[in-house]
Amino acid sequence: MDSEKFFMRLKEKAQDLGFAQIATIPVVLMDQELSRLRHCLDSFYNGNMSYLERNHTIRRDPSLLLEGAKSIIVTLISYKPEKKQTLGKPGIATYAYGKDYHQVVKERLRKLAEIMLDLDRNLKFRVFTDSAPIFERSLAAKAGLGFVGKNSFLINKEHGLHTFIGSIVTDAKLYYTNPKEPLENLCGSCTRCIDACPAGAIIAPYTIDARRCISYQTIEDKSMYENTGESGHRSGMVFGCDICLDACPWSKKGKTHSIKEFDPLVLSNGKYVTEIDWDEWMDMDELFFKKEFKESPLSRAGMKKIKNNIKYEMANNCRGRGVDPEN
Ligand code: SF4
Ligand code: SF4
């Protein structure tokens with residue numbers, strides 16, 4: 001089968017599996033991205049995310065992820081919810097409403113990659129979604145799937161910002177769809193994301209100081225607020241933050257996702273994860289959390305951390321997700 005026809009088959013299969021878009025690109029070096037990362041590390045913007053200090057050789061050259069790697073298939077899958085959380089509830093970032101995307105996206109990527117074996121049983125591939133030292137957003141942008149906005153999200157003109165990026169690195173030589181020049185950056189003079197960030201974490205366009213970012217503080221930073229001496233609330237967010245995503249005019253783009261696993265988790269007591277109240281969170285016991293949230297991204301932070309985030313908001317008199325998604 002000629003390589004363009006094969007790409008069309010791959011595209012069809014991707015659509016059947018619920019992917020919003022797919023592109024292919026030969027493996028590329030990521031020198032610029034690495035030097036940007038090094039600048040962030042020199043400025044300590046990574047906080048305690050020490051994994052960003054490792055694997056720089058692979059980050060620069062993704063072909064090192066697989067022997068003989070020639071191509072990368074880059075995909076987008078939408079997680080845009082039917083409706084956002086009600087204002088006033090402890091805020092959960094939209095991507096975390098349903099099942100952990102790592103598992104869901106990887107399973108679909110494997111199914112997609114398997115059709116390459118029809119071409120040649122000896123082909124090799126590895127699948128990734130936020131699970132390998134790759135500059136995924138830049139890769140997706142280079143592949144032609146969008147541009148990286150000032151808030152550091154990938155922005156796709158058709159599907160907006162609510163997308164997960166999934167990649168397949170393979171030793172197959174494919175038909176490549178990447179544009180010769182990167183897609184135009186359409187942020188222009190807009191600064192809505194920067195202005196909306198309650199923490200001042202977008203310290204310059206395209207640069208986030210993770211230590212200030214609510215997403216980092218509520219998930220990755222394991223210190224508890226009593227010890228940090230921080231002040232000011234986090235706009236009601238207790239797991240992650242997508243205020244700068246909501247603020248972006250491009251976030252209105254895109255249809256509601258079609259992946260049932262991304263629907264809001266329903267607990268055994270019938271309650272949606274998005275509807276759990278402040279006091280209900282504080283009354284929750286560890287066993288219940290472990291059982292109910294074992295497949296949820298919220299398990300990454302753990303119950304103690306989430307409760308601590310809630311206490312932090314209560315101590316700072318904030319009892320509500322801070323941004324009305326309709327505005
Ligand atoms: S995720 Fe939240 S805190 Fe972080 S940069 Fe965006 S708006 Fe600011
Ligand atoms: S809010 Fe404006 S500046 Fe920020 S990413 Fe969106 S378009 Fe770009």
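Which residues are around ligand 2? I began my notebook there, keeping in mind that this is a predicted model.

**Entry 1: ligand 2**

I listed the shell and found Gly 149, Lys 150 and Asn 151, then Cys 187, Cys 190, Thr 191, Arg 192 and Cys 193, and finally Ala 247, Cys 248, Pro 249 and Trp 250. Sorted by class, these residues come out as seven nonpolar, three polar and two charged.

**Entry 2: ligand 1**

I turned to the other ligand. Around ligand 1 I noted Asn 151, Cys 197, Ala 199, Ala 201, Ile 202, Ile 208, Cys 213, Ile 214, Ser 215, Cys 241, Ile 243 and Cys 244. Two elements, α8 (214-220) and α9, give two or more residues each to this shell. How does the shell around ligand 1 divide into nonpolar, polar and charged residues? I counted ten nonpolar and two polar, with no charged residue. Asn 151 deserves a margin note, as it appears around ligand 1 and also around ligand 2.

**Entry 3: the sheet**

Next I traced the strands. Four of them make an open, antiparallel sheet, and I read the order as β1-β2-β7-β4. Each of β1 (21-26) and β4 (125-128) has a single partner strand, so these two stand at the edges with one side lacking a neighbour in the sheet. From one strand to the next, I get an average twist of 20°.

I then went through the pairings one by one.

- β1 and β2 (residues 71-78) run antiparallel and share six bridges; here Ala 23 is opposite Val 74 of β2.
- β2 and β7 are also antiparallel, with eight bridges; Ile 77 faces Phe 164 of β7.
- β4 and β7 pair in the antiparallel sense through four bridges, and Phe 125 lies opposite Thr 170 of β7.

**Entry 4: strand β7**

How many of the eight residues of β7 are buried? I found that eight of its eight are. I checked the two faces as well: Thr 163, Ile 165, Ser 167 and Val 169 point one way, while Phe 164, Gly 166, Ile 168 and Thr 170 point the other way, and all are buried.

**Entry 5: the core**

I looked up the largest nonpolar core, which holds 78 residues. Those with the most contacts inside it are Val 74, Ala 140, Leu 145, Leu 154, Ile 168, Phe 239 and Cys 244. Helix α4 (residues 101-114) gives the most to this core, namely six residues.

Several of these names were already in my notes: Val 74 from the pairing with Ala 23, Ile 168 from β7, and Cys 244 from the shell around ligand 1.

I picked Leu 154 for a closer look. Setting aside neighbours within four places in sequence, I find Leu 154 in contact with Arg 137, Ala 140, Ala 141, Leu 145, Gly 146, Val 148, Thr 163 and Ile 165.

**Entry 6: Leu 267**

I finished at a residue in a loop. Leu 267 sits between α9 (243-246) and α10 (278-283). Why is Leu 267 partly exposed? I count 16 other C-beta atoms within 10 Å of Leu 267, and a residue is called buried only at 20 or more and exposed at 12 or fewer, so Leu 267 falls in between. Not counting residues up to four places away in sequence, Leu 267 touches Val 273 and Glu 292. I also took its distance to Met 49: the two are 218 residues apart in sequence and 31 Å apart in space, C-alpha to C-alpha.

Definitions and conventions. Residues numbered from 1 in each chain as written. Chains lettered and ligands numbered in written order. Predicted model: local features only at pLDDT ≥ 70, side-chain atom pairs only at ≥ 80, totals over all residues. Core = buried A, V, L, I, M, F, W, Y, C linked by C-beta atoms within 7 Å. Contact = placed C-beta atoms within 7 Å. Pairing = 2+ DSSP bridges. Axes fitted to C-alpha atoms, helices over the stretch in contact; angles between N-to-C directions. Near = placed C-beta within 6 Å. Nonpolar A, V, L, I, M, F, W, Y, C, P; charged D, E, K, R; others polar.
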